[in-house]
Amino acid sequence: MTEHVRPSCSTGKLRILIRSSLFSYLILPLVLLQLCSNLASAGSPVKFLPGFEGPLPFELETGYIGVDESEDVQLFYYFVKSESSPETDPLVLWLSGGNCCTSFSGLAYEIGPIKFEQVLYHGTLPKLLLNPYSWTKVASIIFVDLPVASGFSYARTAKASQSTVLQACNQAYEFLRKWLVDHPEFISSPVYIGGDSKAGISVPIVTQLISDGNAVGIEPHIDLKGYILGNPVTTPGDGNYAIQFTHGMGLISDELYESLKLSCKGEYQNIDPSNALCLQNMEAYNQASNHFSASFAHILEPYCPYASPKPNNLFTGRRSTIQVFCEKTRELKIQELAAPFTDGYRLVYHWANDESVQEALHVRKGSIGEWIRCNCRYPFIRNIGNSLPYHANLSIRGYRSLIYSGDHDMVVPHFGTQAWVKSLNYPIIDDWRQWILQGQVAGEEAILLLSTSLLNVEQCLKGGYLISLYKQKLFASQNSPSRYAYFQGVAFLSK
Ligand SMILES: *[C@@H]1O[C@H](CO)[C@@H](O)[C@H](O)[C@H]1NC(C)=O
């Protein structure tokens, strides 16, 4: 295993050394500057990526930054420079959602400049295409693999391999400070923290840590503007809204819904074991929801009956696209779902585990075993389960936030997001209305609330799956399209 120790090139030390003698005034600065420019950078440019034809038409840098005691936590990142005006455009730190998922998901499946060609895996290195709806058109984005176990990030000691949400958030803040010191050209950039799904807990915490750090003069000062969240996990009660969601989507009957509401009184997750009627209704609900989808993160994705070792009898006659999809998925033995009609998420395993790819990404040889898109290799303790108090704090402090929500996600249903957003009790500055794009209904949106100033607008957007699949230009992502609202992000970051 090769180790690259990140040399520290603190300007403070440099200044002291320079002042020490006339010699240093004349010669040492040159030597040191050269040394620093050669060694100080944590990252290296990536000009070509296997699977992508020709040189990359955007600037990509990858590398590691060590955080925590003795920098035992080595965080891997992908940095994509803004394709517009990187000197003045916002800088976004993107944290991935899911259970220890790599931020590469953000880059290749959500808001970044590349995407996989959507075909079934056929034995050769998956192809990468340009995503014309990348947020990097208007912002520079650092995608960091965090917590320590995720993606290409790794720990150098057993102790460093374990973490909690709060530790990971502190590491994100330390990462960003060190990254900025390494990249002084971005030190005055307006900064946003962003993420989706489970990052709904960490993004507001990291944002508050930066705000607190700035307030007590921690260097470097970060020009923090706000944060962005898509379908964010926020309160422990979010999951209760899955029932309202399935009813709203026409998946359960009015009768069952009314009976659930009456008997369970809004609590569907921690059911009182003596509440027989609620339990009975939940049983009926669970029966119905068994066939909703392969992935509750996108209820229109195909349902593949994984458990059955025998060929399933769901499909008769000609093999359908869905059947091929399900068979392939099973073949690959990857029990990870969430990709509409393609094996999009599976392709990345073949790509990221390829030696030529890891070489191109400057991945340290032998630093991790198999690359897995989402995997908590080491204990990761979710010691904070509610980020609502952080949202409240941040809006009082005047930070801007964009909260958007795709309306086909049953894991973090938009009803739940609307509920906590409403609970913050901001004045409504615009009525709920349809969102029209190019003469078409693209979803519904409501600028639901507003905190302390007119600039600090939280927006709740409903994006539709069908719309985004068939009119992809409206949305950024190809795989969980309803969850990522290209235009919303771009408009927000461009303001
Ligand atoms: C919100 O901010 C206040 C004041 O800065 C602080 O005391 C409190 O701990 C913060 N809340 C959370 C959840 O961090």
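**Exercises on core, helix packing and ligand shell**

Leaving aside neighbours within four places in sequence, L75 is in contact with Y64, I65, V67, V144, D145, L146, S153, Q171 and F175. The model behind these exercises is a predicted one.

**Exercise 1.** Determine which residues of the largest nonpolar core touch the most other members, and which helix gives the most to this core.

*Solution.* Begin with the core as a set, which holds 99 residues, and among these L75, V144 and A172 touch the most other members. Next, turn to the helices: α5, spanning residues 165–182, gives the most to this core, with eight residues. Finally, return to the contacts of L75, which include V144. As general background, nonpolar side chains in soluble globular proteins tend to be buried together.

**Exercise 2.** Classify the orientation of helices α7 and α14 to each other, and describe the residues of their contact.

*Solution.* First take the geometry: α7 (residues 241–248) and α14 (residues 414–423) pack at an angle of about 125°, and their axes are 8 Å apart. Angles from 65 to 115 degrees count as roughly perpendicular and those over 145 as roughly antiparallel, so the two helices are oblique to each other. The contact is made by Y241, Q244 and F245 on the α7 side and by F415, G416 and A419 on the α14 side. By class, the residues of this contact comprise four nonpolar, two polar and no charged.

**Exercise 3.** Identify the residues around the ligand and sort them by class.

*Solution.* The residues around the ligand are Q208, P389, Y390 and N393. Helix α13 (residues 388–396) gives the most to this shell, with three residues. Sorting by class yields two nonpolar, two polar and no charged residues.

Note on methods. Residues numbered from 1 in each chain as written. Predicted model: local features only at pLDDT ≥ 70, side-chain atom pairs only at ≥ 80, totals over all residues. Axes fitted to C-alpha atoms, helices over the stretch in contact; angles between N-to-C directions. Helix = DSSP H or I, 4+ residues; strand = E, 2+ residues; numbered from the N terminus. Parallel < 35°, antiparallel > 145°, perpendicular 65-115°, else oblique. Contact = placed C-beta atoms within 7 Å. Nonpolar A, V, L, I, M, F, W, Y, C, P; charged D, E, K, R; others polar. Near = placed C-beta within 6 Å. Core = buried A, V, L, I, M, F, W, Y, C linked by C-beta atoms within 7 Å. Buried ≥ 20, exposed ≤ 12 C-beta atoms within 10 Å, placed from the backbone.
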